[in-house]
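Thanks for sending this one over. Here are my notes, written as numbered points so you can follow along with the model open.

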Amino acid sequence: MEAFIIEGGNPLRGEVTISGAKNAVLGIIPAAVLCACTSKIENVPDIKDVNKMVDILEKLGAEIYREKDTLIINTEKPIAYDVSEYDEETGQMRASYYLLGALLGRYRKAIVPLPGGCNIGDRPIDQHIKGFQALGAKVVIEHGHVKMEAPNLKGAHIFFDVVSVGATINVMLAAVRADGLTVLENAAKEPHIVDVANFLNLMGANIKGAGTDVIKIRGVDEMHGCEYSVIPDQITTGTYMMAAAVTKGNVLIKNVIPKHMEAITAKLTEMGVEVREEDDGIRVIGKRPLKAINVKTMPYPGFPTDLQQPMAVLMAIARGTSTITESIFESRFKYVDELRRMGATVSINSRTASITGVKTLSATKIRTTDLRAGAAMVLAGLIADGETKITDIVHIDRGYENLQENLRGLGAVIRRISE
Ligand code: EPZ
C-alpha cells in the first residue's frame with residue numbers, strides 16, 4: 001500500500017503542464033476497435049485507468065505500442081467480442097462499459113461484465129441499455145454480464161431520460177456503424193464527448209452536433225485508422241487551479257483550453273482568487289481572505305461534479321459559510337469525515353454540504369475514498385499545519401499523472417511512501 005506524506009504551508013509557485021483527458025481517452029481507445037485498422041493517439045496520460053484499458057484490449061487481441069504519451073493501436077487481427085473472462089480488470093473501472101458500444105458497432109454482438117469505478121452513487125447503466133435496445137440490440141444482463149446481439153443494427157431516435165456522459169459516448173460508439181440515422185436527444189455536452197466524436201469522425205464516421213444536446217449520427221459501412229491528439233484534461237486543470245488558489249500560490253497552468261474552465265474560473269473569481277488568461281495558459285494567484293460561495297454541480301457547461309470535492313477544501317478555510325449541492329451523484333460526500341478529522345466544520349443535509357470556514361486545517365492521517373476525494377485530500381494536506389499522511393492513494397493514481405512530481409516542481413513538500 002502506498003501513501004503520500006505532505007508537509008503543509010508551502011505556497012505553490014511556477015508552471016505545470018496538463019496531460020491528456022482521462023475521460024476522453026477512455027472512450028477513444030475502445031473506439032479504435034470499430035474497424036480492422038491502426039490508429040495513433042497522442043497526448044495519452046500515463047494513469048492506471050488508461051493502462052488498464054490498454055491491458056484489456058491487448059487481452060482481446062489488439063496489438064498496442066506505447067512510446068511516451070503516444071499509443072499505436074493495431075486492431076487488424078480479430079478482436080474478441082466476449083470479454084466475460086476479464087471481470088477483475090473491467091470491474092476496476094467505469095469506462096470498461098465503452099467496450100459494449102464499440103464491440104456492438106463492429107461485431108453486432110458483445111459480452112461485457114458490468115463496470116466498476118468510483119463508489120460515489122448507484123451509477124446504473126439503464127440509459128446505455130435503452131440506447132442499444134433502440135438500435136435493435138437484444139440485451140440480457142445475467143451473472144454480472146451484459147450480453148448483446150443485434151444482427152440488424154439500425155439507426156434510431158433516442159431521448160435520454162438523464163444527461164449521461166457514459167450513455168452518450170457508448171451509444172455513439174455503436175451508432176456510427178448502424179444502418180441509417182441516429183438522433184441522440186438530451187445528450188451530454190462535456191468536452192470529452194466532443195473529443196471522442198472528433199476522433200470517430202477522423203476514422204470516417206459521420207457525427208454532427210457533438211457538444212450540443214442533440215447529436216446526429218449517420219451510420220457508415222467503412223471506417224479506417226487515424227492520427228489524433230487528445231485534449232487536455234479539464235478536471236486535472238481545475239485541480240491545479242484550486243491547488244494554486246488554496247495555497248495562496250502563483251501558478252501558470254499550461255496546455256489548457258480556457259473555454260472548458262469557465263465554470264471553475266467563475267467560482268474561483270467569486271471567492272476572490274485572481275484567474276487570468278495568458279498566451280500560454282491560465283495563471284492562478286491565490287488571495288486571502290477567500291470568500292464563502294455557493295456551488296451546485298451540473299452537467300457541462302455547469303460546475304463539474306468531479307471538482308466538487310477539491311472545491312470543498314477551499315470552502316473549509318474561506319471566511320463565512322459556503323454550500324455545495326451535489327446534483328449528479330447521490331453519495332459523493334464520503335470525504336467529508338476526513339476533512340472533519342482535520343478540523344473542518346461541515347454539516348450535510350441530503351445532497352447539500354454547508355461548510356463554515358476555519359482559520360487552518362490541522363495535519364493528521366486521512367484516507368482516500370475515491371479518485372477526486374483523493375485530490376481533495378492532497379489539497380488539504382498542502383495547507384494543513386504540519387505533516388499529513390494520505391493513505392489508499394491508488395485511487396489517485398487512477399486519474400492523475402505524476403501528481404507528486406508536478407506538485408514538488410511547484411514547491412510542495414510531498415513524498416510517496418510504501419508500507
Ligand atoms: C462520467 O461518469 C465520468 N467517468 C465521471 O468521472 C463523471 O463524474 C461523470 O461522467 C459526470 O460528469 C468517465 O467518464 C469514465 P454519467 P458516468 O453517466 O458516465 C445517472 C472521474 O472522477 N445515470 O454522466 O458514469 C448516474 O447515476 C469520474 O473522472 C443513470 O441514471 O456518469 C448519475 O447520477 C467519476 N443511468 C448521472 O446519470 C445511466 O444509464 C450522470 O452519470 C447512466 C447514468
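Which of the 23 residues around the ligand come nearest?

1. Keep in mind that this is a predicted model. Of the 23 residues around the ligand, the ones that come nearest are Y97, D126, S164, D306 and I328. I'd click on those five before anything else.

2. Now for the polar contacts. Y97 has a polar side-chain atom 2.7 Å from an oxygen atom of the ligand. In D126, an N or O atom of the side chain lies 2.7 Å from a ligand nitrogen. Q127 uses its backbone instead: a polar atom there is 2.7 Å from an oxygen atom of the ligand. On its own the ligand would expose 830 Å², and the protein buries 90% of that.

3. Where does the ligand sit? You'll find the ligand in the largest pocket. Four elements give two or more residues to the shell around it: α1 (22-31), α5 (126-134), α6 (165-175) and α12 (371-383). Of the elements, α5 gives the most, with three residues.

4. What is the shell made of, by class? Ten of its residues are nonpolar, six are polar and seven are charged. Both domains take part: at least three shell residues come from domain 1 (2-18 + 232-418), and at least three from domain 2 (22-229).

5. Next, some backbone details. Most peptide bonds are trans, and most residues other than glycine have a negative phi. Against that background, have a look at the bond from R288 to P289, which is cis with omega near -10°. P289 is in the loop that links β16 (281-285) to β17 (294-296).

6. There is also a cis peptide bond from Y300 to P301, with omega near 10°. P301 belongs to the loop between β17 and α10 (308-316). So that you can find both spots: P289 comes in the loop before β17, and P301 in the loop after β17.

7. Which sign does phi of K68 have, positive or negative? For K68, phi is near 50°, so the value is positive even though the residue is not a glycine. K68 falls in the loop between β4 (63-67) and β5 (70-74).

How values were computed: Residues are numbered from 1 along each chain as its sequence is written. This is a predicted model: local features need pLDDT of at least 70, side-chain atom pairs count only at pLDDT 80 or more; totals for chains, interfaces and linings use all residues. Side-chain values use heavy atoms; hydrogens and water are left out. A residue is near a molecule or strand if one of its heavy atoms lies within 4 Å of it. A polar contact is a pair of N or O atoms within 3.5 Å; within protein, one must be able to donate a hydrogen and the other to accept it, and residues adjacent in sequence count only if both atoms are side-chain atoms. Accessible areas come from the Shrake-Rupley method with a 1.4 Å probe; for residues, only the protein chains shown count as cover. On a 1 Å grid over the protein atoms alone, a cavity is a set of points where a 1.4 Å probe fits but cannot get out, and a pocket is an open set with protein on both sides within 12 Å along at least five of seven lines; lining residues have an atom within 4 Å of a point. A molecule sits in a cavity or pocket if more than half of its atoms lie within 2 Å of its grid points. Ala, Val, Leu, Ile, Met, Phe, Trp, Tyr, Cys and Pro count as nonpolar, Asp, Glu, Lys and Arg as charged, and the others, Gly among them, as polar. Domain bounds come from an automatic or database domain assignment.
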